[in-house]
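Welcome, and please open your viewer before reading on. We will go from stop to stop, and at each one you will get something to select.

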Amino acid sequence: MSVVDEIKDRLDITEVIQSYVPLKKAGRSYKGLCPFHAEKTPSFVVFPHTGTWHCFGACSTGGDVFTFIMKQENLDFGEALKLLAQRAGVELEPASPQANEAEQRRDLLRAINQSAAAYFHYLLSNSDEAERARAYLGERGLDQETIDRFQVGYALDRWDALFKYLTDKGYSPVDIAEAGLIVERESGGQQSSGRGYYDRFRGRIVFPIRDHQGRPIGFGGRILGDGVPKYLNSPQSPLFDKSRVLFGLDLAKVGIRTTGEAVIVEGYMDVLMAHQYGINNVIAQMGTALTEAQLQRLKRYTQRFILALDSDAAGDQATLRGLDVARQVMDHEVVPVPTAQGLIRFEDRLAADIRSLSLPPDEDPDEVIREDPAHWARLVVAAKPVMDYYFDALTADLDLATAKGKAEATRRLGPLIAELGDRVQRTHYLQQLARMIQV
């Protein structure tokens with residue numbers, strides 16, 4: 001975790017801003033008079049769940065706790081960093097020579113990835129060999145604007161095309177290999193003219209994978225025709241760790257903040273098709289299930305998540321794993337609850353809204369969106385609360401006519417019901433469980 005992230009995690013943006021601006025709670029947000037222009041009607045809003053603020057009045061600006069302090073105190077970023085670090089109790093240390101060297105190394109790898117992304121994208125548009133790839137993307141319904149926006153490319157079906165291109169630009173084979181773009185040839189393996197290296201991506205449509213700042217850190221390649229694996233991702237590197245990356249987040253973060261929710265899908269094409277149709281709050285998990293690191297990144301933008309994963313058995317298991325991770329990672333709040341005796345007890349409750357979207361059988365999100373974007377919008381609105389999904393998924397294999405099945409259903413669902421933050425909802429699901437097991 002960077003120093004900036006640590007400061008944000010330690011500080012409550014509402015408390016920081018309230019030391020400058022009187023705020024009143026308005027639902028999940030806080031409102032007050034904008035400190036940056038004269039106004040009589042509050043248009044300044046703080047969003048604690050995303051750690052951001054925005055003026056909906058004359059300023060029409062916003063940001064995080066750093067941008068607020070910079071603007072309020074007329075400081076540059078370094079000065080704001082020092083002020084907030086002191087407030088958060090975070091000790092700032094000058095970067096060591098080793099840290100500086102490591103960052104320079106990462107900058108070099110990013111430059112190599114950027115060159116590779118530009119090369120792949122050029123080939124997709126201009127190479128005769130990429131005609132099949134262009135036809136495939138056209139059949140899938142992608143337009144040129146979307147292809148350009150995501151910098152989709154094509155890797156030639158040759159052993160050393162990218163290797164030659166990057167070495168001609170002056171990059172060393174060792175550095176290209178560390179970026180995950182070429183593989184060192186083992187003795188006795190396939191021969192190439194790459195002086196002991198061959199390209200990792202060959203004969204594939206290539207999707208650049210970018211960090212939340214839009215910097216290329218890796219690639220995903222889809223095979224054309226038969227071949228395994230169907231999808232091939234960059235290996236672990238100083239830049240790329242698929243357990244920490246969400247595909248499309250750099251282009252979706254504004255949409256997530258605007259809509260107040262993030263829709264999580266499985267595939268690159270799902271994300272591209274959603275954004276093509278103006279649905280800009282869709283991102284894809286990397287790997288077979290959501291991870292804690294991915295959700296830690298995502299919860300900076302919203303506390304409402306909709307999982308739109310495949311509707312097959314593997315998709316159901318991925319949804320369950322994702323929901324379990326989300327429940328563990330999402331913020332909790334301690335709330336006072338009156339008791340029947342007139343006392344107050346405090347309960348720890350989940351402060352997030354987690355839902356599951358049911359896809360039509362044998363259809364992926366990109367197919368649903370392409371066929372009828374309005375249908376997709378209805379599916380998002382109708383996404384099941386996490387508890388409704390658990391009731392279906394966790395009891396599907398139980399015989400609820402037997403005492404054993406009833407006991408197991410209670411064992412699985414009871415602790416989940418207890419986590420619910422709203423007392424009325426908790427009572428509702430307890431009654432639903434009672435009806436289900438007829439007890």
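What follows is a walk through this predicted model, from the whole chain to a few chosen residues.

**The whole protein**

Begin with a cartoon view of everything. The protein has 18 helices and 19 strands. It is 439 residues in length, and 46% of them count as buried. If you switch on a surface, you are looking at about 21,900 Å² of exposed area, with carbon and sulfur atoms supplying 50% of it. Among contacts with a separation of 6 or more, 59% are between residues 24 or more positions apart.

**The five-stranded sheet**

Now select strands 1 to 5. They form an open sheet in the order 1-2-3-4-5, with antiparallel pairing. Which strands stand at the edges? They are strand 1 (24–26) and strand 5; each has a single partner strand, so one side of each is left without a neighbour in the sheet.

Zoom in on the start of this sheet. Strand 1 and strand 2 run antiparallel and are joined by three bridges. Show Lys25 and you will find Tyr30 of strand 2 opposite.

Stay with strand 2 (residues 29–32) and pick Ser29, which lies in it. Is Ser29 buried or exposed? With a relative accessibility of 11%, Ser29 counts as buried, because the cut-off for buried is under 20%. Beyond its neighbours within four places in sequence, Ser29 is in contact with Lys24, Val45, Val46, Phe47 and Pro48.

Next, add helix 3 (residues 65–73). This helix lies across strand 3 (44–47), strand 4 and strand 5, and runs at about 50 degrees to strand 4.

For a loop residue, select Cys59, found between strand 4 (52–55) and strand 5 (62–63). Apart from neighbours within four places in sequence, Cys59 has contacts with Cys34, Phe36 and His37. You can also draw a distance from the C-alpha atom of Cys59 to that of Ser43: the separation is 9.5 Å, for residues 16 apart along the chain.

**The six-stranded sheet**

Move on to another open sheet, made of six strands in the order 12-14-13-15-18-19, with mixed pairing. Its edge strands, strand 12 (246–247) and strand 19 (384–385), each pair on one side only.

At one edge, strand 12 pairs with strand 14 (residues 282–285) in the antiparallel sense over two bridges. Here Phe247 stands opposite Ala284 of strand 14. Add helix 10 (residues 249–259) to see it lie across strand 12, strand 13 (262–265) and strand 14, at about 135 degrees to strand 14.

Then follow the sheet to its other edge. Strand 15 (residues 304–307) and strand 18 (residues 353–356) run parallel, joined by four bridges. Strand 18 and strand 19 run antiparallel, with two bridges between them. Select Arg355 to see both pairings: Ile306 stands opposite Arg355, and in strand 19 the bridge partner of Arg355 is Pro385.

**Inside the cores**

Hide the cartoon and show side chains. In soluble globular proteins, nonpolar side chains tend to be buried together. The largest nonpolar core here has 63 residues, and those with the most contacts inside it are Val152, Leu181, Phe247, Leu357 and Trp376. Helix 5 (residues 97–126) gives the most to this core, with eight residues. Apart from that core lies another, of 23 residues, including Ile13, Cys34, Phe44 and Leu84.

**Rings that meet**

Finally, colour the aromatic side chains: there are 19 aromatic pairs to look for. One of them is Phe44 with Trp53, a stacked pair at 5.4 Å centre to centre and 25 degrees between the planes. Both residues are buried. Ring pairs also link Tyr20, Phe36, Phe44, Trp53 and Phe68 into a cluster.

Last of all, return to Phe247 and add Tyr268. How do their planes stand to one another? They are at 75 degrees, with the ring centres 4.7 Å apart, so the pair is edge-to-face. The pair links distant parts of the chain, with Phe247 in strand 12 and Tyr268 in helix 11 (residues 268–276), 21 residues apart. Both Phe247 and Tyr268 are buried. Other residues in contact with Phe247, outside its neighbours within four places in sequence, include Phe150, Phe207, Ile209 and Leu272.

Key:
Residues are numbered from 1 along each chain as its sequence is written. This is a predicted model: local features need pLDDT of at least 70, side-chain atom pairs count only at pLDDT 80 or more; totals for chains, interfaces and linings use all residues. Side-chain values use heavy atoms; hydrogens and water are left out. Buried means under 20% relative accessible area, exposed over 50%, partly exposed in between (1.4 Å probe, protein chains only). Contact means heavy atoms within 4.5 Å. Accessible areas come from the Shrake-Rupley method with a 1.4 Å probe; for residues, only the protein chains shown count as cover. Two strands pair if DSSP finds at least two bridges between them. Axes are lines fitted to C-alpha atoms, for helices over the stretch in contact, and angles run from 0 to 180 degrees between N-to-C directions. A nonpolar core is a set of buried Ala, Val, Leu, Ile, Met, Phe, Trp, Tyr and Cys residues joined through side-chain atoms within 4.5 Å. Rings of Phe, Tyr and Trp (its six-membered ring) pair if their centres lie within 6.5 Å; planes under 30 degrees apart count as stacked, over 60 as edge-to-face and the rest as tilted.
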